[in-house]
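Here is a short tour for someone meeting this structure for the first time. Keep the sequence and the 3D view side by side while reading.

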Amino acid sequence: MNRELTTPRRVLVFVVGLAAVFGLALAAGSALGPVDTEPASSAHDDGDAHDDVSVAHDAVAASLPGGLMSAQDGYRLVLADPRLSPGRDRTLSFTIQGPHGAVTDYDVEHEQRLHLIAVRRDFEGYQHVHPTLADDGTWTTPLDLTAGSWRVFADFSPAGGEPLTLGADLAVPGSAAAAAPQPETRTTTVDGYTVTVAGDLTAGAHAELSLTITRDGVPVTDLQPYLGAYGHLVALREGDLAYLHVHPSGEPGDGTTQAGPEVDFGVEVPSEGAYQLYLDFRHDGVVRTAHLTLPAGPGQEHDDEHGEEQGH
Ligand SMILES: [Cu+2]
């Protein structure tokens with residue numbers, strides 16, 4: 001499953017779409033108009049200027065990295081309370097508002113109907129949890145929160161719809177020292193497990209990252225599947241927390257994918273900059289998260305006429 005990967009063509013669409021939006025938005029006198037929350041299908045009836053803007057908005061929305069917007073394609077992430085007290089097991093409650101009110105039907109993706117990522121904006125806190133859905137469409141989950149500015153991401157597919165990642169800010173009051181994001185970090189240790197990443201990120205180009213897991217210097221070769229894979233990798237861009245959820249190149253039980261010590265990912269980041277990487281992996285029945293940081297170097301020029309889409 002590589003649905004989260006951005007292909008070179010999508011990057012192109014992003015650039016072209018952005019140019020279209022800026023051009024048209026200038027003409028319309030507003031570069032920051034309201035987010036278009038109409039379903040994409042409503043934007044195709046005729047060709048007047050407003051619809052051109054809507055189409056351009058949709059093109060941009062479809063090709064932006066996930067998580068930058070709280071509303072997209074007619075769906076909106078609404079937190080019951082955008083402020084929560086610091087502490088353990090604080091209850092986050094939210095709905096996904098759709099064209100017909102709170103969404104109650106979801107497609108299962110990676111064994112869950114909705115994945116929620118919570119991260120403090122200085123990358124000092126990170127949780128990947130699976131909230132519980134009530135009949136009325138209210139999701140709830142406990143989170144361990146420290147004082148600071150948090151971002152939560154809901155990664156889901158409304159039943160029969162396209163996958164979406166919506167993001168919302170969550171304030172946790174209290175005195176918090178905002179940490180500087182960790183610099184390039186290619187190896188880290190969590191609970192006695194050492195995780196090392198090989199490979200380099202390049203803006204707008206497919207990259208292969210190989211993450212190796214050892215414990216006490218011994219390669220771990222009996223990773224356990226977690227949500228249908230030997231690892232889940234979330235990449236967050238520094239500066240705006242653009243969200244990329246990446247899955248390994250192979251699946252458990254496919255006959256070729258080994259249960260460690262290496263987990264390989266194909267990933268394409270949309271721009272230069274630093275990316276904070278969080279790898280979830282499961283061993284001895286416990287899911288652990290390793291936090292790594294990689295810079296992304298400049299990419300090659302893309303040619304609109306001759307660009308070829310890479311298959312994944
Ligand atoms: Cu999940």
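Which residue stands opposite T212 in β19? The residue is E262. T212 and E262 make a good way into the strands, but some background on the model helps.

## The model as a whole

This is a predicted model. The average pLDDT of the chain is 82, and 76% of the residues score at least 70. Two stretches call for care. Over residues 1-49, pLDDT stays under 50. The model has 79 contacts beyond four places in sequence for residues 1-49. Over residues 303-312, pLDDT again stays under 50. For residues 303-312 the model has 14 contacts beyond four places in sequence. Where pLDDT is low, predicted coordinates should not be read in detail.

The chain has 312 residues, and 45% of them are buried. It holds 21 strands and 2 helices. The accessible surface of the chain is about 14,600 Å². Carbon and sulfur atoms account for 51% of that surface. Take the contacts in the chain with a separation of 6 or more: 66% of them are between residues 24 or more positions apart.

## Strands around β15

Return to the opening pair. T212 belongs with strand β15 and E262 with strand β19. Strand β15 covers residues 207-215, and strand β19 covers residues 262-267. The table sets out the pairings of β15, each with a pair of residues that stand opposite one another.

| Strand paired with β15 | Bridges | Direction | Opposite residues |
|---|---|---|---|
| β13 (residues 193-198) | 6 bridges | antiparallel | Y193 and R215 |
| β19 (residues 262-267) | 6 bridges | antiparallel | T212 and E262 |
| β16 (residues 218-219) | 2 bridges | antiparallel | T214 and P219 |

The link between β15 and β16 is a hairpin, with 2 residues between the strands. D216 lies in the turn and has a positive phi of about 50°.

## An open sheet

Another group of strands forms an open sheet. There are 5 strands, in the order β14-β21-β20-β17-β18. Their pairing is mixed. Which strands lie at the edges? They are β14 (201-202) and β18 (243-246), and each pairs on one side only. Strand β17 spans residues 232-237 and is joined to β18 by 4 bridges. β17 and β18 run antiparallel. V234 stands opposite H245 in β18.

After β18 comes a loop. Q258 sits in the loop between β18 and β19. Is Q258 buried or exposed? Its relative accessibility is 56%, so Q258 counts as exposed. Q258 is 36 residues from D222 in sequence. In space, Q258 and D222 are 8.4 Å apart, C-alpha to C-alpha.

## The copper ion

Now turn to the metal. Which residues coordinate the copper ion? They are H115 through ND1, H128 through NE2 and H130 through NE2. The distances are 1.8 to 2.0 Å. The donor residues follow the spacing H-x12-H-x1-H in sequence. H115 lies in strand β6 (residues 114-120), and H128 lies in strand β7 (residues 126-129). These two residues are 13 residues apart, and the pair links distant parts of the chain.

How accessible are these two histidines? H115 has 2% relative accessibility, so H115 counts as buried. H128 is also buried, because its relative accessible area of 12% falls under the 20% cut-off.

## Aromatic pairs

The structure holds 6 aromatic pairs. F94 and W139 form one that is stacked. The centres of F94 and W139 are 6.4 Å apart, with 15° between the planes. F94 is in strand β3 (residues 87-98), while W139 is in strand β9 (residues 138-145). F94 and W139 are 45 residues apart, and this pair links distant parts of the chain.

Both rings belong to residues with little accessible area. F94 has a relative accessible area of 1%, so F94 is buried. W139 counts as buried at 1% relative accessibility.

Which residues do ring pairs link into a cluster? The cluster is made up of F94, Y106, W139 and F156.

Notes. Residues numbered from 1 in each chain as written. Predicted model: local features only at pLDDT ≥ 70, side-chain atom pairs only at ≥ 80, totals over all residues. Heavy atoms only, no water. Donors = N, O, S within 2.8 Å, 3.2 Å for Na, K, Ca; no water. Buried < 20%, exposed > 50% of the residue type's maximum accessible area, 1.4 Å probe, protein only. Pairing = 2+ DSSP bridges. Contact = heavy atoms within 4.5 Å. Areas by Shrake-Rupley, 256 points an atom, 1.4 Å probe, with all protein chains shown as cover. pLDDT = per-residue confidence, 0-100. Phe/Tyr/Trp six-rings, centres within 6.5 Å; stacked < 30°, edge-to-face > 60°.
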